[in-house]
Amino acid sequence: MKAYVFPGQGAQFVGMGKDLYENSELGKELFDKANEILGFNITELMFNGTDEDLRQTKVTQPAIFLHSVILAKTLGADFKPEMVAGHSLGEFSALVANGALSFEDGLKLVSQRAMAMQKACEIEPSTMAAIIGLDDETVERVCAEIDEIVVPANFNCPGQLVISGSMKGIEVACEKLKEAGAKRALPLKVGGAFHSPLMEPARVELEEAIKNTNFSTPTCAVYQNVNAKPVTDPEEIKKNLVAQLTAPVRFTQTMVNMIADGASSFTEVGPGKVIQGLVKKVDRKMETAGVDSFQG
């Protein structure tokens, strides 16, 4: 079975999507529509902005979503997913790609999610850190023993887990995890503690927006971040999307489950090659490919 996977925040780069805009009529039409929906010129920031511009959450999330989704749409008949998944934000790209969400509704939700997360970040200073070379169980145990808000946030692949929490929580956790044997504990340059209880204000805001959005039955299952399981029921998809903001991204488990359910290849659609690398960490022999520019 052919699996299509979609990247999340961090995959952005200046110039992303420009070839799609210049070489595909459909691409240009969708980018122009996106500028209208968002009420600002995101294409200008994507094609000619600075790294700094692209790092703002309200720009990053819609930019990556647009690059991924428009790429998938320009593949036309070649795009036949039999299972999909996305990393955090990428789950919204996956849901447009498998027909659960329209392009317009997907973009509006991604934009609302980004704004809500930005606001939550401003309420309390918080951050994230990558823990390298330690098993998941040890990371979970150490986080649970700390008297501050600090939780596992992204199970990316075996031996790579991102934690999320208050400034103090992350500082203490990094020390303790190094003592427990982590090869590295690297604070990340992010706006806040994504996928942690500190995102609760954003979760409440997004829940309202998702409740008022029409979701259809998708053409194939989406393996969702919250439970790493295949889902096709629109109501369950909505519930899991809301929960995703304060719950960890179980991407390691997602890839393991997709492979167990018959995935024979993984194609990453969107900027970067991060997810192909994560798949290889789970199964070195798995066939991976990327689509990151207009195929003509």
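## E200 and its network

E200 is partly exposed in this predicted model. Its relative accessible area is 33%. That value falls between the 20% limit for buried and the 50% limit for exposed, so E200 takes the middle class.

The side chain of E200 forms a salt bridge with that of R203. The N to O distance is 2.9 Å. Both residues sit in helix α10, which spans residues 200-211. They are three residues apart, and that puts about one helical turn between them. The pair does not stand alone: E200, R203 and E207 are joined into one network by salt bridges that share partners.

## K28 and D32 in helix α2

A salt bridge also links the side chains of K28 and D32. Here the N to O distance is 3.0 Å. Helix α2 covers residues 25-38 and holds both partners. Because K28 and D32 are four residues apart in α2, about one helical turn separates them.

How accessible is K28? K28 has a relative accessible area of 37% and is partly exposed. D32 is partly exposed too, at 26% relative accessibility.

## R141 and E145 in helix α8

Helix α8 runs over residues 136-145. Within it, R141 and E145 lie four residues apart, about one turn of the helix. Their side chains meet in a salt bridge, at 3.4 Å from N to O. The distance is within the 4 Å cut-off, so the contact counts as a salt bridge.

Is E145 buried or exposed? E145 counts as exposed, with 56% relative accessibility. That is over the 50% limit, which explains the label. R141, in contrast, is partly exposed, with a relative accessible area of 45%.

## Salt bridges overall

How many salt bridges does the structure hold? The total is eight. Among them are K28 with D32, R141 with E145, and R203 with E200. Side chains of opposite charge can pair when their charged atoms come close.

## Strands β10 and β11

Strand β10 takes in residues 265-269, and strand β11 residues 287-291. The two strands run parallel. Five bridges join them. In one pairing, V269 has V291 of β11 as its bridge partner.

How does the chain get from β10 to β11? The path goes through helix α13, residues 274-282. This β-α-β crossover is right-handed.

Conventions:
Residues are numbered from 1 along each chain as its sequence is written. This is a predicted model: local features need pLDDT of at least 70, side-chain atom pairs count only at pLDDT 80 or more; totals for chains, interfaces and linings use all residues. Side-chain values use heavy atoms; hydrogens and water are left out. Two strands pair if DSSP finds at least two bridges between them. A crossover is right-handed if, with the strands pointing away from the viewer, the path from the first strand over the helix to the second runs clockwise. Buried means under 20% relative accessible area, exposed over 50%, partly exposed in between (1.4 Å probe, protein chains only).
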